[in-house]
Amino acid sequence: MTPADLAFFVLAAVLLASALGVVFTRNPVHAVLLLVLTFFNAAGVFILLGAEFLAMLLIIVYVGAVMVLFLFVVMMLRVDPAKMRAQGRAALPLGLLVAGVLMAEMAAVALSFAALPGAASPAFALPEGVTDARALGRVLYTDFVYPFQVAGLILLIAMVGAIALTQRARPDIKRQSVADQTARRPGDAMEIVKVTPRTGA
Amino acid sequence: MADPALLATYLPVLILLLIAGGMAVWMIGFSLVLAPHRPDPAKTSAYECGFPAFEGTRGRFDVRFYLVTLLFILFDLEIAFLFPWAVALRDIGAFGFWSMAVFLAVLTIGFAYEWARGALEWE
Amino acid sequence: MSTALAAIAPELTLAVMALVLLLLAAVRGQAAARPVLRGGAVALALVFAVLGATAGAPAQSVFGDMVVVDVFATALKMALVLALMAALALSAAPMRLDNIARPEYPIVTLLAGVGMMGMVSAQHFLALYVAMEMQALALYILVSSGASSARSAEAGVKYVLLGALASALMLFGMALLYGATGALDYVTIRTVLEGVDAPGLTVGAGLAFLLAGMAFKISATPFHMWTPDVYAGAPTRVTTLLALAPKIAAAGALARLLFGPLEPLAAQWVPILVVLSVASMSWAALAGVVQGDLKRLMAYSTIGNMGYMLLGFIAGGADGLAAALFYLLVYVLSVAGVFAVILAMRRDGRVVTEIVELSGLARSRPLLAAGMAALMLSLAGVPPLAGFFAKFVVFKVLIDQGMWLLAVYGLLTTVVAAYYYIKVVKVLYFDIPAEPLDRAPARARAAVLAVSVLGVVALLLAPGLGLDVARVAVAPLF
């Protein structure tokens, strides 16, 4: 067993254990933290496969950003774990059935997998001496420009949608307007009155 | 498995992770084993200025936190697209450059919209 | 590159117009709601003109064979643009009346349209997947856009979760097919699959996962569970869009898959489609009977109609697909009118959607009632309306292929389903009148209803015409 093999088994074991923890832990915040651990281990497995860029992406995007969002969502929703558990139990038999069928199918495919004769395999091989980020960059912006631009539009939709759904017009709230503040002159707000003595204002 | 030479470059990362994990186990483990534990209800209850806690710790977060994180994710993803582009710019020429320029233009329009609509203000 | 851009000019136009309108929304804020809605209609008209101008161009594949532009794509895109226009026109009045006009919703609708147009042109798994995600994300947003309504939010969450599951299944299916064939583009996949006698388990599982995802998109039983809840929970202006445009896009993408790269696997996918179709027809007929809410009823109607449409796919060949396409277009035409009527249902400023609210509508609003009755009878398949011809054509291609049993079964479920359509007609004409509905002037709604009803009735004059158009449209796939 090489050190790489050993690393794989350790990473895979922790990955599976933490993934199970995500599903079975009672505290949703713990579940999110365990998911972070899962992603870290998955990133390790990616590195073992030579997919460095994907590993970094997993950490930058998923651990760095998506998990923060998940934490907020978990904290934003007032989840009652006991009630959720009761509902979950009712759906358990059906869920187990579906999961079982999927598992069986995946196992069967994994055991019998074979590329067809005449298959163009592998379609995208990593050229010798080129990092995977560079190999990805060589095709993503040229050969795959169409899906790339569509991905940009998807991000735009997400942006517009998030704002449209969460921003409510709130006329009751006073906003600060820096331009108005700096443009304000003494004459706008003050009136200087010459008061002659003993007559009052 | 990937090229062993590549994996060897990750040895320092592995050592760092081992040290970090070891430190965590060290600190939490030893305080569990060595420190005295004599809990009583007064010690374990949440402290809120001497009063019983008014509400659970699961208070609801404002939805605006969520908006901020979501916008952060979107720009984070944009950066993720920029990495391979920067690395491969020499190979992909003018077309690749303008391809990214269009992508960024679309997201900049989104950013202008976001700014103008006040999504970046807290009120 | 310029030929590629010219080929996708319709999508490009729509996307650029959406971006321009977004900038307008950024500058003018809430006040831009009406101009943006109008601008959206102008954009769609422009796209329709572009499509019309390029309709005769020879078929071509661009972007490294990822996107194909042929008569099939152009025809479906025209139908899509019309459906989007109807949905946009119908959304004006409710947005104004409920005081929730926001410029974002028309813009997101247009961007959803870009995704749907991408779906019918996709000739590559990656192009299909990103286009599909684009329209799905836009639709999730629209479904949740009800004004601070918990039902709308619940519908949105259900749609997102199940939609994400369907996407995941589909992506897994694509990955398996990629693993087996080593290709993502339809042409190569077809070549590889044609070269083997027994495709094996990997391909079979990939096909099953892929079809499960597609079945979700067209809401075929047993992947229909989201449909009634989402239809009922979403604001009606969005339900209108959901019932029309995504079905065209998904059917187009499905046709390209089944009669393109997966054609060599017909022996495997025909049984799957038979199960989906029979289940959809049966379940929609049975469950539709007990529905009291018009939007839920229309959800079951969608499920059932998708089952009938799949019969055309099962019959196979150019004739079968032409029948399916014809059926789809007649369905879209009728349903647009039905939703125009549902959107007219308001009493004292509140939206009502129960069927009983229509009681005796024939007394107070004879025209509206007559239009609704015609559309219901068409959906039930009563001759000589368009719905009858559509069903007739589908059953006929089945019988031509010797699939008697399936045709007879379809006919039986039609009879059961006719019960609930005809019940609506009965409520309209023979029940004790309820309080009259609000009268709000809405020219757009009247126009959509008129087009829909006239189309459904006028097909009688030229029953063969629609089918001929469908035949021309599907020709490039064979």
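**Group meeting talk: three chains in a predicted model**

Let me begin with the contact between chain B and chain A, which takes 47 residues from chain B and 45 residues from chain A. Please keep in mind throughout that this is a predicted model. On the side of chain B that touches chain A, helix H1 (4-8) and helix H4 each supply at least two residues, and the largest share, 33 residues, comes from H4(B). If we sort that side of chain B by class, we find 32 nonpolar, four polar and 11 charged residues.

To put one residue into that picture, take Leu77(B), which is found in helix H4, running over residues 63-116 of chain B. Once its neighbours within four places in sequence are left aside, Leu77(B) is in contact with Val61(A) and Leu155(A). Is Leu77(B) buried or exposed? It has 21 C-beta neighbours inside 10 Å, and therefore Leu77(B) counts as buried.

Staying with chain B for a moment, its secondary structure comes to four helices and zero strands, so that, read along the sequence, the pattern is α-α-α-α. Of the 123 residues in chain B, 17% are buried. Helix H2 of chain B, residues 11-34, is a useful case to look at, because its 24 residues, at 1.5 Å a residue, should span 34 Å, and the end C-alpha atoms are 33 Å apart, which agrees. The number of buried residues among the 24 of H2(B) is zero, so this helix lies largely in the open.

Now I turn to chain C, and to the way in which it meets chain A. That contact takes 40 residues from chain C and 30 residues from chain A. Several elements of chain C give two or more residues to the side that touches chain A, among them helix H2 (9-28), helix H5 (104-121) and helix H7 (150-181). Which helix gives the most to that side? It is H6(C), with nine residues. By class, the side of chain C that touches chain A has 25 nonpolar, 12 polar and three charged residues.

Inside chain C, I would like to show two pairs of helices. In the first pair I have chosen, H3(C) and helix H4 of chain C, residues 71-97, have axes that come within 10 Å and cross at roughly 165 degrees, and that angle makes H3(C) roughly antiparallel to H4(C). The crossing of H3(C) with H4(C) is left-handed. Residues of H3(C) including Leu37(C), Leu44(C) and Phe48(C) take part in the contact with H4(C), where the residues involved include Met78(C), Val81(C) and Leu88(C). The contact of H3(C) with H4(C) has, by class, 13 nonpolar, three polar and one charged residues.

In the other pair, helix H13 (residues 294-315) and helix H17 (residues 386-400) of chain C pack at an angle of about 30 degrees, with their axes 9 Å apart, and H13(C) and H17(C) are therefore roughly parallel to each other. Here, too, the crossing is left-handed. Tyr308(C), Leu311(C), Gly312(C) and Ala315(C) are the residues of H13(C) that meet Lys391(C), Val394(C), Val397(C) and Leu398(C) in H17(C), and the residues of this contact divide into six nonpolar, one polar and one charged.

Helix H14 of chain C, residues 317-343, is mostly covered, with 25 of its 27 residues buried. Its expected span at 1.5 Å a residue is 39 Å, and because its end C-alpha atoms are also 39 Å apart, the two figures agree.

Let me finish with some backbone details in the loops of chain C. As general background, most residues other than glycine have a negative phi, and most peptide bonds are trans. In the loop between H9 and helix H10 (226-233) of chain C we find Pro222(C), and the peptide bond from Thr221(C) to Pro222(C) is cis, with omega near 0 degrees. Ser219(C) lies in the loop between H9 and H10 as well, and its phi is near 50 degrees, a positive value in a residue other than glycine. Ser219(C) is buried, with 28 other C-beta atoms within 10 Å. Asp65(C), in the loop between strand E1 (60-62) and strand E2 (67-69) of chain C, has a positive phi of about 65 degrees, but with 15 C-beta neighbours inside 10 Å Asp65(C) counts as partly exposed.

Definitions and conventions: Residues numbered from 1 in each chain as written. Chains lettered and ligands numbered in written order. Predicted model: local features only at pLDDT ≥ 70, side-chain atom pairs only at ≥ 80, totals over all residues. Contact = placed C-beta atoms within 7 Å. Nonpolar A, V, L, I, M, F, W, Y, C, P; charged D, E, K, R; others polar. Expected span 1.5 Å × (residues − 1). Buried ≥ 20, exposed ≤ 12 C-beta atoms within 10 Å, placed from the backbone. Axes fitted to C-alpha atoms, helices over the stretch in contact; angles between N-to-C directions. Parallel < 35°, antiparallel > 145°, perpendicular 65-115°, else oblique. Left-handed = near helix turned anticlockwise from the far one by under 90°.
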